[in-house]
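Me: Could you take a close look at the empty spaces in this structure and at the helices packed around them? I am in my first year, so please go through it step by step.

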Protein chains: 2
Amino acid sequence: MTDKPTKVARPPAARALAKGAASQTRDEAPASNRATRAAERRAAIVDAAMEEFIARGFAATRLDDIAKRAGVAKGTIYLHFNDKESMFEELVRTVIVPVVTRLTTLPPPTGSVRDLVEAFASNFLKEVIGTRRGDLVRLIVAEGPRFPSVADFYYREVVSRGMAGMRALIELGIARGEIREKDLARYPQILIAPAMIAVIWQSLFARHAPLDAQDMLRVHLDLIFGERSTT
Amino acid sequence: MTDKPTKVARPPAARALAKGAASQTRDEAPASNRATRAAERRAAIVDAAMEEFIARGFAATRLDDIAKRAGVAKGTIYLHFNDKESMFEELVRTVIVPVVTRLTTLPPPTGSVRDLVEAFASNFLKEVIGTRRGDLVRLIVAEGPRFPSVADFYYREVVSRGMAGMRALIELGIARGEIREKDLARYPQILIAPAMIAVIWQSLFARHAPLDAQDMLRVHLDLIFGERSTT
DNA sequence: TGATTATGACTGACTAGTCAGTCATATATT
DNA sequence: AATATATGACTGACTAGTCAGTCATAATCA
């Protein structure tokens, strides 16, 4: 009755293609062809999963859809991840870490504190606000309570570091007389709040009322540092 | 085989209680006992649904759980709501509207603008931050993209109103010389941002680092209005 | 070098379970 | 009794996770 062993007719198209295209990229690793392709697939799965999770949230995302988007069979996902939950968790780590690294690398120890903060804001604007990464932040806010491990990770790797960095900058600004409000060092959140609001705004309300995040952040800095110091 | 018609032993406790307590509130309606009880049930369902949605998000929430928590059979839910989605949407409306009404009713047209804003902040602190209502805000942020109608409603009823109110206050503050930063009127978001951050913080990071929201808001107001005006 | 065997990445049909929504039946109200 | 409400067992659609089998590639052999 259930004799439908439809094993036949496997389309070997992708296979053949890959073989031809990706043989022996000996640029960076002794990586056998296999390992390379496996890494590529993992990356494809991570990308696809991020899109789907951002669009639908954790619970409503179907692994079938992730697989389809990644151009992979569902079973393949389970070669890289234990289950849906750990996939989500690893995904967040995978995507967040490089961003943090890039943002916390403050390159110019030159100029005024305001310039430093402005450079950071500009970076944040470009790297996060209005990008897929911004959506990821919203996703963490959304799913955090149901994924304590994700919230923990995010607090440890992003929030606490960002807060420490901001606090240091604020204290420097106070020491140099650029910032008047001494208590600000106790609440670096205030410095970051408008940037976070901008992230959320772009996800939720951009349709209703576009927000010029750059200009808003400038006004906010004026508030903290006093009116423009004319470079 | 499936003869477990366990119709027996229905616990009529809640039933009896409600019947006894709320009979004939002819204050507002020709409400028969029935209408009253129906309203109570609806309210119970809304409460239960809010708890569940906040705890699990829309997709992961089971109607069976809502029914159980509300002390009602699943079918009863469908006497009040068309389906899960419209229940969620109506729920948000039902819960949000009274809060907005309460918050936008600025009672004291006396004193300085700072006093006005402070009164508002204090209200917000008590009514929203760290409460179930705050969680609801986080839920809207979380589910908004998947429920455009909810996001629209929230923008129309809460965000745009709040922004307009804040803008008016800011302009008044500028006119009276209490606020220096003129451009602030273009971005009332800046005024509200720390309060929103506090809401999210309490949901996500309170465990890691408790936040004294009240004090933070005070510092923020100092930033905008200048140091304390000593009442 | 060319042939043979071993490996393990990959597949997708399948299982077991879940849950939104329905409706025949039971209960309460008038 | 007739009507309005409420119930919860049931159904069918849907999906996370599994696993026996396939096949390109790698390793070994002749």
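**Pockets, cavities and the helices around them**

Reply: In this predicted model, H8(B) is the element that contributes most to the lining of the second largest pocket, giving ten residues. That pocket holds about 680 Å³ of space, and 32 residues line it, with B:Tyr154, B:Val158, B:Val159, B:Ile192 and B:Met196 being the closest to its centre. The elements that supply two or more residues to this lining come from both chains, since H9 of chain A is listed together with H5, H6, H7, helix H8 (148-175) and H9 of chain B. Sorted by class, the lining of the second largest pocket has 25 nonpolar, four polar and three charged residues.

The largest pocket has a volume of about 810 Å³. Its lining is made by 39 residues, and those that lie nearest its centre are A:Phe120, A:Phe124, A:Val158, A:Ile192 and A:Met196. At least two lining residues each come from H5, helix H6 (113-127), H7, helix H8 (148-175), helix H9 (188-204) and helix H10 (213-225) of chain A, and also from H9 of chain B. Here H8(A) gives the most, with ten residues, and the lining as a whole divides into 31 nonpolar, five polar and three charged residues.

Next come the enclosed spaces. Rolling a probe the size of a water molecule over the atoms shows where empty space is left. In this model the count comes to two cavities of 30 Å³ or more.

The largest cavity has a volume of about 140 Å³, and the residues lining it are B:Val117, B:Phe120, B:Ala121, B:Phe124, B:Met166, B:Leu191, B:Ile192, B:Ala195, B:Leu217, B:His220 and B:Leu221. Three elements of chain B give two or more residues to this lining, namely helix H6 (113-127), helix H9 (188-204) and helix H10 (213-225). Of the elements involved, H6(B) gives the most, with four residues. The lining of the largest cavity consists of ten nonpolar residues and one polar residue, with no charged residue among them.

The second largest cavity encloses about 40 Å³ of space. It is lined by 14 residues, and the ones nearest its centre are A:Ala59, A:Glu143, A:Arg146, B:Ala59 and B:Glu143. By class, the lining of this second largest cavity has six nonpolar, two polar and six charged residues.

Now to the packing of the helices themselves. Two packed helices are described by the angle between their axes and the distance between the axes.

In chain B, the axes of H8(B) and H9(B) come within 8 Å and cross at roughly 115°, and these two helices are therefore roughly perpendicular to each other. The crossing in which H8(B) passes H9(B) is right-handed. From H8(B), the residues B:Met163, B:Met166, B:Arg167 and B:Ile170 meet B:Pro188, B:Gln189, B:Leu191 and B:Ile192 of H9(B). This contact of H8(B) with H9(B) has six nonpolar residues, one polar residue and one charged residue. Some of these names have already appeared: B:Met166, B:Leu191 and B:Ile192 take part in this contact and also belong to the lining of the largest cavity.

In chain A, helix H5 (residues 84-104) packs with helix H7 (residues 132-143) at an angle of about 130°, and their axes are 11 Å apart. That angle makes H5(A) oblique to H7(A), and the crossing of the two is left-handed. On the side of H5(A) the contact is made by A:Phe88, A:Val92, A:Val95, A:Ile96, A:Val99 and A:Arg102, while H7(A) brings A:Arg133, A:Leu136, A:Leu139, A:Ile140 and A:Glu143. These contact residues divide into eight nonpolar, no polar and three charged. One of them, A:Glu143, takes part in the contact and is also among the residues nearest the centre of the second largest cavity.

In chain B, helix H5 (residues 84-104) and helix H7 (residues 132-143) pack at an angle of about 130°, with their axes 11 Å apart. H5(B) and H7(B) are therefore oblique to each other, and H5(B) passes H7(B) in a left-handed crossing. The residues that make this contact are B:Phe88, B:Val92, B:Val95, B:Ile96, B:Val99 and B:Arg102 from H5(B), together with B:Arg133, B:Leu136, B:Leu139, B:Ile140 and B:Glu143 from H7(B). By class, eight of the residues in the contact of H5(B) with H7(B) are nonpolar, none is polar and three are charged.

Methods. Residues are numbered from 1 along each chain as its sequence is written. Chains are lettered from A and ligands numbered from 1 in the order in which they are written. This is a predicted model: local features need pLDDT of at least 70, side-chain atom pairs count only at pLDDT 80 or more; totals for chains, interfaces and linings use all residues. Side-chain values use heavy atoms; hydrogens and water are left out. Axes are lines fitted to C-alpha atoms, for helices over the stretch in contact, and angles run from 0 to 180 degrees between N-to-C directions. Angles under 35 degrees count as roughly parallel, over 145 as roughly antiparallel, 65 to 115 as roughly perpendicular and the rest as oblique. A crossing is left-handed if the near helix is turned anticlockwise from the far one by less than a right angle, and right-handed if clockwise. Contact means heavy atoms within 4.5 Å. Ala, Val, Leu, Ile, Met, Phe, Trp, Tyr, Cys and Pro count as nonpolar, Asp, Glu, Lys and Arg as charged, and the others, Gly among them, as polar. On a 1 Å grid over the protein atoms alone, a cavity is a set of points where a 1.4 Å probe fits but cannot get out, and a pocket is an open set with protein on both sides within 12 Å along at least five of seven lines; lining residues have an atom within 4 Å of a point. Grid points are joined across faces, edges and corners, and a volume is the space filled by probe spheres set on the points.
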